[in-house]
Amino acid sequence: MTHAAPITDTNHRLAEGNDKPRGRVTLAHGGGGQLTDELLDNLILPRLGNDLMGGLLDSATLAATGTDKLAMTIDSYVVQPWKFPGGDIGRLAVCGTVNDLAVCGGDPVGIALSLILAEGFEMSDLAQVIDSIAQAGEEAGVSVVTGDTKVVGRGQADGVYITTAGVARVPQGRTLSPKRVNPGDVLIVNGPIGEHGLVVMLAREMPKVKSVLRTDAAPLNGLIQTLLKKVPDVLFMRDATRSGLAGVACDLARDSGWRVTLDEARIPVRPEAQHAADMLGLDPLEVANEGKVVVVVRPYEADAALAVMRSHPLGEGARIIGHVGGVEDGLCELHTLIGGRRIIQKPYGEQLPRIC
Amino acid sequence: MCLAVPAKLVEREGDQGVADLHGNLVPVQTLFAPEAKVGDWVLVHAGFVIKKLDRHQAEATWAVLKDLAEPLPEDVDESW
Amino acid sequence: MNPGKPTIRLKSLKRLNQLASEVGRDVAFMEVCGTHTMSVFRSGLRSLLPKNVNLLSGPGCPVCVTAQSDIDMLIALAVDHDVIVCTYGDMLRVPGARGSLEKARGDGADVRVIYSSMDAVTLAQESPGKQIVFAAVGFETTTPATAAAVDYAKRMGLGNFTVLASHKLVMPAVTALLDSGTVHVDGFLLPGHVSVITGWREFDPIVKQYNLPCVVGGFEDEQIPEALVDLVRLVGEGRAELINQYPQAVAEHGNPSARALVKKVFELADVRWRGLGTIPGSGLVLRDAYRTFDAQARFNLSQPKDREPKGCRCGEVITGAVTPPQCVLFDNGCTPTNPIGPCMVSSEGTCQAWFKYHRVGVPKRRRLASMRRRDPKTGKPSVLEVQP
């Protein structure tokens, strides 16, 4: 495994200028010629500029230490609309990749960024996306170290698509796996669920709705590293993204082989999110998050884990939400508010607002 | 068969209005609730106000879990 | 482990158990509303019901009772005509003979999910060169929204807006079900939000002609057990009465302005129901004055033959004649990811509710004492913190 993937065909050069972006993206901006240089020099690099990216190379070189393992991940972002309350596709692209690395116990060291822009995309919008990438990178303490930009014809793509790959260092001996989970172990989530998915659905399907809800997209590596320092033997972690908390809990049950039980009364959901979900006919359990992680720890470490998480700004709302049970059937079960029980299943796919 | 949610009417102009669902401001049609005024609780289905709710009853319904649920100590499940 | 917080139990559940044991025989109630079906499963209420209280799901999911031919016509319209079909999200995945609206969209048809009928009207106003068709489904709760959209389109003189309506009425279906003699129930949990429009008087005949108790119920976790308490009590006392347990929203005569507009725009018709056949006066079609807004007329659509999927028992499921696991296709070729019948598609469909929340028999909870773990360093038993 190399330290960074050689992917670019447009050399990224560090520029000094930071003109106010005007106009729109044209096909020529992706052609690899002077216009591409101009886009990079004037719009992208000044916003992302760092020593690694200024090196005129087709790939970045990252420092490694002798004993660490490397974790690598890649993810594409095609969210519509590209911006929504509290964030945009740029923020998402950094947070998603950082979080995928962080939940594997990794300390992210660099992100590779690939932009696919549609002809006609506003330069000012592109600047906003890049600013968000820079902002989220700063929050995560991770830089974009190499990148690529392509432009496709009008109508061939919708605005902007982003792919981010990331590399992280993982200390020797750290294994986070559902296979390590046993009966009695405890599930913790770092805060209220369902907000990102609801925000995006409202922005897409009901743009006239004004909501106080904001995406929860946030880089979780700081929280997770803090946790791992105090509670090194976390058993398993997963960020609860597209299929929501239900998806993580069901996968954990399936992959560990044990019954996983969630307690509805303990699952944090903000009332404004619950009401939005009720209106749209959705279950917050099944709705996407971009800044929520489910952590599984041994029961005697639950208090410590909870206390550490709550000491971090992104874990203030941390709650114990369930446990691994002694039935070996790989199912996920919910203890409901009224004391009943039911099965939780992974959602089937696209979430749609419904009226019935 | 029909999802309907309680909300507070916060704006009204003719047959159009805005309903507040705990921080979510939703444009609504109000022609089926001619008597509903700004500040009233209403029931919203598919973007239409289908009923002006009685204030006291609506507030009771929203708080109803607190009112009706009583912890039964003998039912505490030790196994959790 | 100590949960720190006792599980919330509802007074009404305790009462329900008391009353049910006093009745001393099996009782069955039918809920005629898909949202009740959903709520009962989602809240886990089914796992808490007394053993002798059985809930049957009736024809209360508008997607599930829509005749196969109506779905086929809608999909043909989306595929074969240059139109934009606007639909509630509920209808998108319902399979017809030629796939679903979702598949049609994948194949290039312009299908948009909307939240309100007025969104379709707005789209028509904003897209003068396009024909917009609103796939109007639903019971009495939803019909006024369609009536408002059509009436508004007429007042605005919109030439590019039509509806393909398959609106249905609850009471004729309940009557047909009772007359068929195939379903034996001790009472009805009446649909709360339908009653908001119709008023609870609408359901009087169930009490007066069929001598069965009825309770109008709300949808919150605690409202359904409350309604069941009343039903069991009435059965125990041998009284057929109608009780309104949802007075917050339901009045005796419902919503007069909504009913007036529906009456202005629609007239009664004999329509087809999945599983129930054609029921006289059970559906609504546009009146002559609004006929120009009928998509079937404007696009000269012919009603395809009603071909229900082979082996599918949705028709019996929605009449409470069988429970989903009694259908051979259930979880055996027919799943929410690959639905064969509409009851598996709709999130309030009985089959999906069973599949999603009830498919695997959940065994009695075991005490986990044997699994309690000790901290290896201190040897202390594990104790969870108390939740605030």
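Two strands pair if DSSP finds at least two bridges between them, and strands themselves are DSSP runs of E with at least two residues, while helices are runs of H or I with at least four, both numbered from the N terminus. With that in hand, start where chains A and B meet: β8(A) is joined by two bridges to strand β3 (residues 24-29) of chain B, and the two run antiparallel. One of the partnerships is easy to find, since A:Lys210 has B:Leu25 as its bridge partner in β3(B).

Before going further, some bookkeeping. This is a predicted model, in which local features need pLDDT of at least 70 and side-chain atom pairs count only at pLDDT 80 or more, whereas totals for chains, interfaces and linings use all residues. Residues are numbered from 1 along each chain as its sequence is written, and chains are lettered from A and ligands numbered from 1 in the order in which they are written.

Back to chains A and B. Between them, 14 residues of chain A are in contact with 13 residues of chain B, where contact is a matter of C-beta atoms, placed from the backbone, lying within 7 Å. On the chain A side, β8 (210-211) and α7 (271-280) each supply at least two residues. The largest share of that side comes from α7(A), with six residues. Sorted by class, the chain A side has seven nonpolar, three polar and four charged residues. Here Ala, Val, Leu, Ile, Met, Phe, Trp, Tyr, Cys and Pro count as nonpolar, Asp, Glu, Lys and Arg as charged, and the others, Gly among them, as polar.

Now look inside chain A. The domain assignment gives domain 1 (27-170) and domain 2 (178-344); such bounds come from an automatic or database domain assignment. The C-alpha centres of the two domains of chain A lie 27 Å apart. Their contact takes 23 residues from domain 1 of chain A and 22 residues from domain 2 of chain A. On the domain 1 side, α2 (89-102), β4 (107-118) and α3 of chain A each supply at least two residues, and α2(A) provides the largest share, nine residues. That side of domain 1 of chain A has 13 nonpolar, six polar and four charged residues.

Chain A also has an open sheet of four strands in the order β1-β6-β4-β5, with mixed pairing. β1 (69-77) and β5 (144-152) of chain A stand at the edges with a single partner strand each, so one side of each has no neighbour in the sheet. Neighbouring strands are turned by 10 degrees against each other on average, direction ignored. Angles run from 0 to 180 degrees between N-to-C directions, and axes are lines fitted to C-alpha atoms, for helices over the stretch in contact. α2(A) packs on this sheet, touching β1, β4 and β6 (160-170) of chain A, and its direction makes about 25 degrees with that of β6(A). Within the sheet, β4(A) and β5(A) run parallel and are joined by eight bridges; A:Ala112 stands opposite A:Thr146 in β5(A).

For helix packing, turn to helix α1 (residues 34-48) and helix α3 (residues 123-140) of chain A, which pack at an angle of about 15 degrees with their axes 9 Å apart. α1(A) and α3(A) are therefore roughly parallel to each other, a label that covers angles under 35 degrees. The contact is made by residues including A:Leu43 and A:Ile44 of α1(A) and A:Leu126 and A:Ile130 of α3(A). The residues of this contact divide into nine nonpolar, no polar and two charged.

Chain C is the next stop. Four of its strands form an open sheet in the order β5-β4-β6-β7, and the pairing is parallel. β5 (110-114) and β7 (161-167) of chain C stand at the edges, each with a single partner strand, so one side of each is left without a neighbour in the sheet. In this sheet the average turn between neighbouring strands, direction ignored, is 25 degrees. Strand β4 (residues 83-88) and strand β6 (residues 131-138) of chain C pair in the parallel sense over five bridges, and C:Ile84 stands opposite C:Ile132 in β6(C). Helix α4 (residues 68-80) of chain C lies across β4, β5, β6 and β7 of chain C, running at about 160 degrees to β7(C). Helix α6 (residues 117-126) of chain C lies across β4, β5, β6 and β7 of chain C too, at about 175 degrees to β6(C).

How values were computed:
Angles under 35 degrees count as roughly parallel, over 145 as roughly antiparallel, 65 to 115 as roughly perpendicular and the rest as oblique. Two residues are in contact if their C-beta atoms, placed from the backbone, lie within 7 Å.
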